[in-house]
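Reader: Hi! I'm new to reading structures. Could you walk me through this one?
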Amino acid sequence: MNVYNQEELARFVEEAKQYARYGKVADYIPALGKANPSELSIAIYTPDDEVVSAGDVTVKVTLQSISKILALALVLMDHGEDDVFRKVGMEPTGDPFNSIAKLEEVQPAKPLNPMINAGALAVTHMIRGRSVEERLGRLLAFVRRLAGNEQITYSKEVAQSEFETAFLNRSLCYFLKQHGIIDEDVEELMDLYTKQCAIEMTCIDLARIGLVFALDGRDPHSGEPLMPLDVARICKTFMVTCGMYNASGEFAIKIGIPAKSGVSGGILAAVPGRCGIGIFGPALDEKGNSLTGIKLLERLSKTYSLSIFGGG
Ligand code: GLN
């Protein structure tokens, strides 16, 4: 019998939805502005291959910053830890995800971590392949394996919308290029990055990916390793220290689950050994995290004692 119960979950969703009016849908990427702020869906995937869900789980969410953790896993497999961490650091910044402020503090220049945009752009740059198509294809193939869903693709509309408006991200790329952290054409990298961020899936797919991380990189169905244990460990650690942007400290104290959010309102969470959680709630708080999603996770963490740091 699954400890997570459908009716209880539906009740928690209704409760958390009450907070939607205090949040705001991201609209700096124009296509994301179309989302309905009172939408809220969740799926919990357990190691016995069962899913419990509530809300409209057919709605798709673009990954946005959630993609940063998946691209990181792939480049760690492509290049190994030493090469990746030569170009990007391991420390949380306490600044907003798109901040340019701390880039000059480290000498020689190096973005502080792979979860802020500057670091994520450096990571995307490292995805191996001869063309944008081949690199995106490799990332998509990896994401499809993690989700166990061959249908996953990216939203052309959202990718295009971000590509046309990503001036700050372009400036981060030029900084990285000036300092030799990237050496490719900026428009080419922006093409790949915006498509990566626009990969879309349901919260059930998100939960399945969360479960792979929770199971140290193993496929929940076949037991086959989809990534090395160390890669899963590094990704979960970044989820704890930097996954919720500059709200990661408060999230660790109140909820205590490795998680990664995106400005689309998605959250991917991994409770080690226990379950993967996928959430879609586009009403965001002022730091760019799903406000309703965090309320829901707080309720779940308390009800089922999910914090990795222990306690009730
Ligand atoms: N594509 C978005 C950007 O780079 C992702 C940011 C996010 O989800 N925080 O601005």
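Author: Happy to! This is a predicted model, and we can begin at the ligand. By class, the shell around the ligand has 3 nonpolar, 7 polar and 1 charged residues.

Reader: Cool, which residues are around the ligand?
Author: They are Q64, S65, F97, N98, N117, E162, N169, C197, G262, V263 and G288.

Reader: And why does the ligand lie between domain 1 and domain 2?
Author: Because both domains give residues to the shell around the ligand. Domain 1 covers 6-61 + 202-302, and domain 2 covers 66-197.

Reader: Okay, new topic: sheets. What is the order of the strands in the open sheet?
Author: The open sheet has 5 strands in the order β2-β1-β8-β7-β6, and the pairing is antiparallel. The edge strands, β2 (50-54) and β6 (259-261), each pair on one side only.

Reader: How many degrees are neighbouring strands of this sheet turned against each other on average?
Author: The average is 10 degrees, with direction ignored.

Reader: Does anything sit against that sheet? I mean, which helices pack on it?
Author: Helix α9 (residues 203-214) is one of them, touching β1 (41-46), β2, β7 and β8 (275-280). The direction of α9 makes about 150 degrees with that of β8. Helix α12 (residues 291-304) packs on the sheet too, where it touches β1, β7 and β8. For α12, the direction makes about 20 degrees with that of β7.

Reader: β1 gets touched a lot! How many of its residues are buried?
Author: In β1, 5 of the 6 residues are buried, so to speak of it as mostly covered is fair.

Reader: What does β1 pair with, and over how many bridges?
Author: β1 pairs with β8 in the antiparallel sense over 5 bridges, and with β2 in the antiparallel sense, also over 5 bridges. Towards β8, Y45 stands opposite G276. Towards β2, T46 stands opposite E50.

Reader: How many residues lie between β1 and β2?
Author: There are 3 residues between them, and the two strands form a hairpin. In the turn, D49 has a positive phi of about 70 degrees.

Reader: Now the other end. How many bridges join β6 to β7?
Author: 3 bridges join them, and β6 runs antiparallel to β7 (residues 266-271). As an example, the bridge partner of S261 is I267 in β7.

Reader: One last thing: where do side chains point in a strand?
Author: As a general rule, in a regular strand they alternate between the two faces of the sheet.

Conventions
Residues numbered from 1 in each chain as written. Predicted model: local features only at pLDDT ≥ 70, side-chain atom pairs only at ≥ 80, totals over all residues. Pairing = 2+ DSSP bridges. Helix = DSSP H or I, 4+ residues; strand = E, 2+ residues; numbered from the N terminus. Axes fitted to C-alpha atoms, helices over the stretch in contact; angles between N-to-C directions. Contact = placed C-beta atoms within 7 Å. Buried ≥ 20, exposed ≤ 12 C-beta atoms within 10 Å, placed from the backbone. Near = placed C-beta within 6 Å. Nonpolar A, V, L, I, M, F, W, Y, C, P; charged D, E, K, R; others polar. Domains from an automatic or database assignment.
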